Each structure stands twice: as structure tokens, then as C-alpha cells.
Amino acid sequence: MTTTLITGANKGLGHETARRLIAAGHTVYLGARSVERGTAAAAELGARFVQLDVTDDASVTAAVATVEAGGGLDVLVNNAGVEVRSPEGDIIGATELTADVMREVFETNVFGLVRVTHAFLPLLQRSAAPVVVNVSSGLASLARAGAGYPGVAYPASKATVNMLTVQFAKAFPGMRINAVEPGYTATDLNRHEGRQTVAQGAEIIVRTAQLGPDGPTGGYFDAAGPLPW
């Protein structure tokens, strides 16, 4: 039985990923900041709820203890992420960008990912086939930068996620560690402006979460294949 933890999984892509992996036979820990919303989502899906705020050391430490007591971990899906907009709902471009905006985005998207990954490494290292999926974005691609989306903080945070993915994969060759781009999916993060459904967006996350020991590692993929860095 494969045991999987998904952060930020009470709604959106995380919720759909949990549903699909449960259907595939995984035991899924549904991580969420809100006990009320997370418990309800887990009950709906048949998942195990674990309170998990990726920005809080104590919350992450407690989550590790819960998952360890439940038997360990094989797959970690770092899905939790934020995008900060102006009070009017506008994307914050270079002119309006402040250090506070960068700090808020990086606290979840980068530092939260590092905090969770570091904390769960001992459990993953005990698995026979450990997998880490970092949910990135097509906006992280430096090769494609400059087209379309005018924001700075979110793409910068996801470009950092890509670098972290490469370095973690290099450091832990026995794990399958990859970054994935779900595509422009309609979720709360983008005010449901995305063109894809969560079912479409979750496809690459679910696929990468089920990689075997002979699968790729240190890569950056969308549903169609490898992406340019």
C-alpha cells in the first residue's frame, strides 16, 4: 500500500489529486491549515486528515508525528501555494512589487516547501520507492519568461521551486523528485480565471505521484512532456 501526503489538499488541485490517488489505491493524508475544512474534505474523499500549515514549524512537526504513527510515507506532493494580488484583485507587476509581497509568496511557495520536505525526508528515506512531486508552474520557465503574465513574485517563487527540485533530486538519487506544471487551472488561487478544470490540471500531478523507481527524476513536466527550464 502506498501512503501519500498532499499539502493544501482541502480544495482545488490538491483535493482532486487526493481523490484520484485514493481511487488508484493510495492511502492519502489530506493536509490542510483549517481543521474544519480539512476534516470535511477528508471525510468526503475517504482520506486521512492531518492539520498542516506549511508556514508553521510546530504544525509540520506534529504532522510528521501523525504520519509516522500511521506507518510512514512513500509520496509527498508539495501542492500548497499562494499568489498575492492587490486589494482590487490586480496582478502585482514589477512597478508595484514590494519586498513584503515577495516575502508573503515565498513563505508558502518556497520556505513552506523546504520546511515540509526537510521534515518528511526521514520518513521518505525509509520507503522502498519514495516520490516527491513539487507543484510548479509554466510561469517558472526562464526560457518562456516575458510573455503574458506580468506578475513577478509568483513566477519567481516557482522558478525557485524548480531549482530546489533539481538540487534535491541530485542529493537523493534514490528518490523520484520532479516539478510539474498543471496548466492554467480554474482554482481559488487565480480567482477561477483558469481555462482548465481541476481534473485536467491534476493529471500530471497524479501521473508523477505514481512513478516507479525507474521513472525520471530532477525533471520539469506538464501533461505533454518535459518543459524548457
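Here is a chat about the cavities, aromatic pairs and one helix of a predicted model.

Colleague: Let's start inside. How many cavities of 30 Å³ or more does the structure hold?

Modeller: Two spaces come up here, so let's take their volumes in turn. The largest cavity has about 70 Å³ of space, and the second largest has a volume of about 50 Å³. With the cut-off at 30 Å³ or more, the number of cavities is 2.

Colleague: Which helix gives the most to the lining of the largest cavity?

Modeller: The lining includes T7, V54, N78 and K158, and also T108, N109, G112, L113 and V116. A single helix, spanning residues 99–125, gives 5 residues to that lining. That top contributor is helix α4.

Colleague: And how many nonpolar residues are in the lining of the second largest cavity?

Modeller: Among the residues around this cavity are E83, I91, I92, V101 and Y149. By class, 1 is polar and 1 is charged. The nonpolar residues number 8.

Colleague: On to the rings. The structure holds 3 aromatic pairs, so to speak of one: are F168 and F172 stacked or edge-to-face?

Modeller: The ring centres of F168 and F172 are 6.4 Å apart, with the planes at 20°. Planes under 30 degrees apart count as stacked, while those over 60 are edge-to-face. Because 20° falls under that first cut-off, the F168 and F172 pair is stacked.

Colleague: What is the angle between the ring planes of Y220 and W229?

Modeller: This is another stacked pair, with ring centres 5.2 Å apart. Y220 is buried, with a relative accessible area of 2%, whereas W229 has 41% and is partly exposed. The planes of the two rings sit at 25°.

Colleague: Back to F168: is this residue buried or exposed?

Modeller: Its relative accessibility is 16%. Buried means under 20% and exposed means over 50%. Because 16% is under the 20% cut-off, F168 counts as buried.

Colleague: F168 is in the list of buried residues of α5. How far does helix α5 reach from its first C-alpha to its last?

Modeller: Helix α5 covers residues 153–171, which makes 19 residues. At 1.5 Å a residue, the expected reach is 27 Å. The model comes close to that, with a reach of 27 Å.

Colleague: Which strands are included in what covers the buried residues of α5?

Modeller: The buried residues of α5 include A153, Y154, K158, V161, L164 and A169. Helix α4 is part of their cover. The strands included are β5 (131–135), β6 (176–180) and β7 (220–222).

How values were computed: Residues numbered from 1 in each chain as written. Predicted model: local features only at pLDDT ≥ 70, side-chain atom pairs only at ≥ 80, totals over all residues. Heavy atoms only, no water. 1 Å grid on protein atoms, 1.4 Å probe; cavity = no way out; pocket = protein on both sides within 12 Å on 5 of 7 lines; lining within 4 Å. Points joined across faces, edges and corners; volume = space filled by probe spheres on them. Helix = DSSP H or I, 4+ residues; strand = E, 2+ residues; numbered from the N terminus. Nonpolar A, V, L, I, M, F, W, Y, C, P; charged D, E, K, R; others polar. Phe/Tyr/Trp six-rings, centres within 6.5 Å; stacked < 30°, edge-to-face > 60°. Buried < 20%, exposed > 50% of the residue type's maximum accessible area, 1.4 Å probe, protein only. Expected span 1.5 Å × (residues − 1). Contact = heavy atoms within 4.5 Å.
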